[in-house]
Amino acid sequence: MAPCIALRSAMRSQLAFLTRQIVIGAREVESQKFSAATRWNSSLGAPVPEPNDDKAEKEVLDSMEQKVPKEKYKGHHMLSPFTAGWQSSDTHPLIIDKSEGVFVYDTNGNKYLDALAGLWCNPLGGNEPRLVAAATEQLNKLPFYHSFWNRTTQPSLDLAKEVLEIFKAKKMSKVFFTNGGSDANDTQVKLVWYYNNALGRHKKKKFIARQKSYHGSTLIAASLSGLTNLHQNFDLPLPFVLHTDCPHYWRYHLPGETEEDFATRLADNLEKLILKEGPETIAAFIAEPVMGAGGVIPPPATYFEKVQAVVKKYDILFIADEVICAFGRLGTMFGCDKYNIQPDLVSIAKALSSSYMPIGAMLVGKEVADVVLSESNKLGSFAHGFTYSGHPVACAVALETLKIYKERNLVEHVQNISPLFQDGMRELAKSPIIGEMRGTGLIMGVEFTDNKSPSDVFPPEWEWDT
């Protein structure tokens, strides 16, 4: 036990140093008056004290101690997402009360740098007056109407047109609105099945995703995700979902293997999986341009070039899950732009409205859209949709969000400030408990390992991970 205690002590010391440096870095970003787009990075930080570098470490560590909120909510009535039961029954929740720019405040008045941008979704920060005004104006005019039976609203029509215009990687044809990313990816599966059934390809139903991918937590989206905690005790994944290699070069490359060689091996493995299952049974391949919740994993060099060649060879649709990557995070408007991905279908959500209103969407290429529309004529309708598909308030807010991105040159802004973020954060790589720091644009993952080795991970019960 002694070595473990010593290591834990050393880790705490390193954590104190790292936390202090990150907080100081946050103040530097704030002092340079960068816009709220600087939120694109990772994880709610420790409370941020007023600038006083000599006392920063003690203040940060003291503030990390749990404080009892003014109102006691231990054992509250919510079944909280991605939360263990003991956390809600034995501890008080952190209750966030208000937001200002890149900062949020709890009910005790503590100030936090919201470094995860909510859940990778709030690039314009709190209290953006134009988004509040857009929502208020639409609420006063038309708070709700649906989009069923060729009835719809002006904001939903305008937003569909705008989304298609800004997506440049490949010309897309139609937009279907959802409530978020999970149901966008669920809809992708239904649409692809509908498409293949219309073409008489009734066996072409399987989907290939990747280990460590994240595509949502609904029944189908969680099945697509390659994270085991989303499957445990839920009887998932569903049997039509297959998973291929995770493209994490640092962790999985062979000795002496270059990134290009690693990408070739993964593309070869994908092809072997397709041939094993039968190409006539594989409907689509789904991938995030940069894997987000699975650990912020950028693709190795030439990866998407080689993977796209494989799926095209076997007439397999390519779905780009842009829910996290879209709208500037990587220094391009979409991840597809950065990695030259030419998808057949695309999922978006999160930053589409800067998370001020729940909304998601899927972009449909012409080949798929034409078949779906033709089949719907035969059947009488395309019998899929949600009550809140194209909700006018959500669409109005999303439209204003996209206008702000354009007016403030969000993509150029990320390109200008991301070197400071990437280079500054990588200074922490000297720490003995950091195995790898990886990222691009304003997204970064930090892999905590012992001896900087991908094989020397800390025990899971210590809760040290990416």
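**Salt bridges, one helix and two spaces in a predicted model**

Let me begin with a single residue: Glu257 has a relative accessibility of 10%, and because buried means under 20%, Glu257 counts as buried. I should say at once that this is a predicted model, and that what follows is computed from it.

The partner of Glu257 is Arg265, and their side chains meet in a salt bridge with an N to O distance of 2.8 Å. Arg265, at 24% relative accessibility, counts as partly exposed, so this bridge pairs a buried acid with a partly exposed base.

The next pair is Glu271 and Lys313, which form a salt bridge whose closest N and O atoms are 2.8 Å apart. Glu271 sits in helix H10, residues 259–277, while Lys313 sits in helix H11, residues 303–313, so the bridge ties together parts of the chain that are 42 residues apart in sequence. Is each of these two side chains buried or exposed? Glu271 is buried, with a relative accessible area of 18%, whereas Lys313, at 57%, counts as exposed. There is also a network, in which salt bridges that share partners join Arg251, Glu436, Arg438 and Glu447.

A third pair reaches further along the sequence. Arg408 forms a salt bridge with Glu128, and the closest N and O atoms are 3.1 Å apart. Arg408 lies in the loop between helix H14 (392–407) and helix H15 (410–426), and Glu128 in the loop between helix H4 (117–120) and helix H5 (129–141), so that the pair links distant parts of the chain, 280 residues apart. Here Glu128 is buried at 7% relative accessibility, while Arg408 is partly exposed at 43%. For the structure as a whole, the count comes to 17 salt bridges.

Let me turn to helix H7, residues 181–198. At 1.5 Å a residue its 18 residues should span 26 Å, and its end C-alpha atoms are indeed 26 Å apart, which agrees with that expectation. How many of the residues of H7 are buried? The number is 14 of the 18, so the helix is largely enclosed by the rest of the structure. Just after H7 comes Gly200, which takes a positive phi of about 80°.

That brings me to the empty spaces. Rolling a probe the size of a water molecule over the atoms shows where empty space is left. A search of the whole structure finds one cavity of 30 Å³ or more, and the largest cavity holds about 40 Å³ of space. Thr244, Asp245, Leu266, Leu270, Phe285, Tyr303 and Val307 line this cavity, and the elements that give two or more residues to the lining are H10 and H11, the helices that hold Glu271 and Lys313. By class, the lining has five nonpolar residues, one polar and one charged.

The second largest pocket, by contrast, has a volume of about 1100 Å³. Of the 33 residues that line this pocket, Ser147, Val175, Phe176, Leu373 and Phe382 are the closest to its centre. Helix H7 returns here, since at least two residues of the lining come from each of helix H6 (154–166), strand S4 (172–178), H7, strand S10 (360–365) and helix H13 (366–379). The lining of the second largest pocket divides into 16 nonpolar, 14 polar and three charged residues.

Note on methods: Residues are numbered from 1 along each chain as its sequence is written. This is a predicted model: local features need pLDDT of at least 70, side-chain atom pairs count only at pLDDT 80 or more; totals for chains, interfaces and linings use all residues. Side-chain values use heavy atoms; hydrogens and water are left out. A salt bridge is a side-chain nitrogen of Lys or Arg within 4 Å of a carboxyl oxygen of Asp or Glu. Helices (H or I, at least four residues) and strands (E, at least two) are DSSP runs, numbered from the N terminus. Buried means under 20% relative accessible area, exposed over 50%, partly exposed in between (1.4 Å probe, protein chains only). The expected span of a helix is 1.5 Å times one less than its number of residues. On a 1 Å grid over the protein atoms alone, a cavity is a set of points where a 1.4 Å probe fits but cannot get out, and a pocket is an open set with protein on both sides within 12 Å along at least five of seven lines; lining residues have an atom within 4 Å of a point. Grid points are joined across faces, edges and corners, and a volume is the space filled by probe spheres set on the points. Ala, Val, Leu, Ile, Met, Phe, Trp, Tyr, Cys and Pro count as nonpolar, Asp, Glu, Lys and Arg as charged, and the others, Gly among them, as polar.
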